[in-house]
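Reader: Could you take me through one part of this model up close? I'd like to hear about the core and whatever links up with it.

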Amino acid sequence: MRLISSLLVIISLVFGSQAAFGQSGLVSGQVIKVDQSAKKITIRHGPIPKLDMAEGMTMVYAAPDPKMLTAVKAGDKVKFEIEEVNGQYRLTKIEKAK
Ligand SMILES: [Cu+2]
């Protein structure tokens with residue numbers, strides 16, 4: 001019985017941490033500026049530990065999808081996701097926060 005309960009603890013830890021990781025994908029922030037011609041969006045955001053951004057900051061992100069540039073405007077509260085490619089950050093997803 002002890003072995004079974006230990007296994008259950010391990011299983012719940014594994015699944016629990018996966019759920020937490022999935023939720024951390026989207027980050028909250030506020031759009032400061034949308035630059036249509038440069039295809040960049042400036043966003044003020046809080047800490048993003050998984051990308052070594054320990055503190056909140058304002059950053060310029062590349063917006064590879066043109067739809068991103070029209071989906072949001074300066075002042076909007078947003079949820080977004082970014083990826084790092086060769087030291088450059090770019091948006092993989094951005095949407096207005098409800
Ligand atoms: Cu940042």
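Author: Happy to, bearing in mind that this is a predicted model. Let's begin with the largest nonpolar core, which has 18 residues; those touching the most other members are Ile41, Tyr61, Phe80, Ile82, Leu91 and Ile94. Two or more residues apiece come from strand 1 (27–35), strand 2, strand 3 (57–62), helix 2 (66–71), strand 4 (77–85) and strand 5 (88–96). Strand 4 chips in the most, with 3 residues.

Now pick out Ile82. Setting aside neighbours within four places in sequence, Ile82 is in contact with Ile48, Leu51, Met53, Tyr61, Tyr89, Arg90, Leu91 and Thr92. Met53 in that list is worth following, since Met53 also gives its SD atom to the copper ion. The other protein donors are His45 (NE2), Met57 (SD) and Met59 (SD), and the four lie 1.9 to 2.5 Å from the metal. The angles among the 4 donor atoms run from 93 to 129°, and the site is tetrahedral. Along the chain, the donor residues follow the spacing H-x7-M-x3-M-x1-M.

How exposed are these methionines? Met53 has a relative accessible area of just 4%, so it counts as buried. Met59 is buried as well, at 14%.

Met59 then takes us over to Thr42, which sits in strand 2 (residues 40–45). Not counting residues up to four places away in sequence, Thr42 touches Met59 along with Gln30, Val31, Ile32, Lys33, Thr58 and Val60. Thr42 is at 13% relative accessibility, and because the cut-off for buried is under 20%, Thr42 counts as buried too.

How values were computed:
Residues are numbered from 1 along each chain as its sequence is written. This is a predicted model: local features need pLDDT of at least 70, side-chain atom pairs count only at pLDDT 80 or more; totals for chains, interfaces and linings use all residues. Side-chain values use heavy atoms; hydrogens and water are left out. Donors are N, O and S atoms within 2.8 Å of the metal (3.2 Å for Na, K and Ca); water is not among the atoms, so sites may look incomplete. Four donors count as tetrahedral if all angles lie between 85 and 135 degrees; four count as square planar and six as octahedral if opposite donors are over 155 degrees apart and all others between 65 and 115; anything else is irregular. Buried means under 20% relative accessible area, exposed over 50%, partly exposed in between (1.4 Å probe, protein chains only). Helices (H or I, at least four residues) and strands (E, at least two) are DSSP runs, numbered from the N terminus. Contact means heavy atoms within 4.5 Å. A nonpolar core is a set of buried Ala, Val, Leu, Ile, Met, Phe, Trp, Tyr and Cys residues joined through side-chain atoms within 4.5 Å.
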